[in-house]
Amino acid sequence: MKQSGLFKLILLLSLVVYSIGGFCQQIPTINLVMKDGLSSNYVTDIAQDKYGFTWIATKYGLNRFDGDKFTVYLKEPDKALLNSNDINKIATDTINNKVWIANRWMGINVFDCATQQFSSFLHDKNRPEHYNTSTVPNFPSNGIMTLAEGSNGDLYIGHTHGGFTIFSPDNRSFKNFTHSPLNKNSLPNNTVHSIFVDANSKIWIATNNGVSLFDPFRETFRNFKDVSGIHYTMQGAVYNVYKTSDGRIWVGTVSDLCYFDSKDTDLILSGKKDVNHMFIQDIYWGISNPTVHSV
């Protein structure tokens, strides 16, 4: 099982059962795999809809988890279901009560939670209304790994190798930020895996060289990799960053799941707060029974 997919599943299930309390307490973890009804152990994304159902994208099918059992959706001939079973991203629209599903090779599906019906969007060469290097002059790269929307409608885009871009669809303008070895306040790495915009418009960016907190007003990056004594996994490849309603920042790294209280961000970045103990580590997995040890 790919590590980034495993971390997403562990992150979700840890958050579901995590009781609010001191950082020193053990975090209970539940592992759900194919024998429990999941369509594949290769998990690529997770989201939650308006009613609290958890949607899980896998390399073989879409899953809805109600806290007890899975409902599996698969592509079927002559039925208006999924375009493909190879799914890589899910986004939930809690206002319109819909689930958007990105297929790796076959466009986008939308699931209407009210009608329980799927609709489909595919590429049409006769309608080239896209944002890319062909339609937007000097656009940094078509290789996009992640994006998030700001409160003003701007899109925050993470590229495969092209850095971090702020794009305004209204006027097709953009600003691109890349790593500079001579500037410690630049983007830590040009490979951006995940972006999260919190309620305070703070922009958290997961890169191949750790997490960065972007200030859109000063246009500077505060990089966790530069903090003296920070856990080594937060200096390397980080695949996911997310803030939960209790104010905790969760970071999925190459080998650990780290977390800290967002109110301690300034203390951590100034080296005045130790975060070495705030992680779950030692992850082992097999075909059907991954386990996790917390410390």
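**Exercise 1. Place I46 in the model.** Which strand holds I46, and is I46 buried or exposed?

*Solution.* Step one: I46 is found in strand β1 (residues 43-48). Strands here are DSSP runs of E with at least two residues, helices are runs of H or I with at least four residues, and both are numbered from the N terminus. Before going on, a word about the model: it is predicted, so local features need pLDDT of at least 70 and side-chain atom pairs count only at pLDDT 80 or more, while totals for chains, interfaces and linings use all residues. Residues are numbered from 1 along each chain as its sequence is written, and side-chain values use heavy atoms, with hydrogens and water left out.

Step two: I46 has a relative accessible area of 18%, so it is buried. The cut-offs are under 20% relative accessible area for buried, over 50% for exposed, and partly exposed in between, using a 1.4 Å probe and protein chains only.

Step three: find A57, eleven residues from I46 along the chain; the two C-alpha atoms are separated by 6.3 Å.

**Exercise 2. Trace the open sheet.** In what order do the four strands of the open sheet stand, and which of them are at the edges?

*Solution.* Start with the order: the open sheet runs β9-β10-β11-β12, with antiparallel pairing. Two strands pair if DSSP finds at least two bridges between them.

Next, look at the edges. β9 (144-149) and β12 each have a single partner strand, so one side of each is left without a neighbour in the sheet. On average, neighbouring strands of this sheet are turned by 20 degrees against each other, direction ignored. For that angle, axes are lines fitted to C-alpha atoms (for helices, over the stretch in contact), and angles run from 0 to 180 degrees between N-to-C directions.

Now zoom in on one pair: β11 and β12 run antiparallel and are joined by five bridges. T165 stands opposite N176 in β12.

Last stop, S168, which is found in β11. With a relative accessible area of 14%, S168 is buried. Its side chain makes a polar contact of 3.3 Å with the side chain of N171. A polar contact is a pair of N or O atoms within 3.5 Å; within protein, one must be able to donate a hydrogen and the other to accept it, and residues adjacent in sequence count only if both atoms are side-chain atoms.

**Exercise 3. Walk from β14 to β16.** How many bridges join β14 to β15, and how many join β15 to β16?

*Solution.* First pair: strand β14 (residues 203-207) runs antiparallel to β15, with five bridges. I203 stands opposite F214 in β15, and the hairpin joining β14 to β15 passes through two residues.

Second pair: strand β15 (residues 210-215) is joined to β16 by four bridges, again antiparallel. S212 has N223 in β16 as its bridge partner.

Then check the cover. In β15, six of its six residues are buried. One residue found in that strand is D215, which counts as buried at 17% relative accessibility. A polar atom of the D215 side chain lies 2.9 Å from the backbone nitrogen of F217.

The hairpin of β15 and β16 has four residues between the strands, and E219 takes a positive phi near 55 degrees there, although it is not a glycine. At 32% relative accessibility, E219 counts as partly exposed.

Finish on β16. In a regular strand the side chains alternate between the two faces of the sheet. In β16 (residues 220-223), F221 and N223 point to one face and are buried, while T220 and R222 point to the other and are not.

**Exercise 4. Look into a pocket.** Which residues lie closest to the centre of the second largest pocket?

*Solution.* Take the volume first: about 270 Å³ of space lies in this second largest pocket. Of its 16 lining residues, N152, D154, Y156, I166 and P216 are the closest to the centre. A pocket is an open set of points on a 1 Å grid over the protein atoms alone, where a 1.4 Å probe fits, with protein on both sides within 12 Å along at least five of seven lines; lining residues have an atom within 4 Å of a point. Grid points are joined across faces, edges and corners, and the volume is the space filled by probe spheres set on them.

Now link back to the sheet: β11 (164-168) and β12 (173-177) are the elements that give two or more residues to this pocket's lining.
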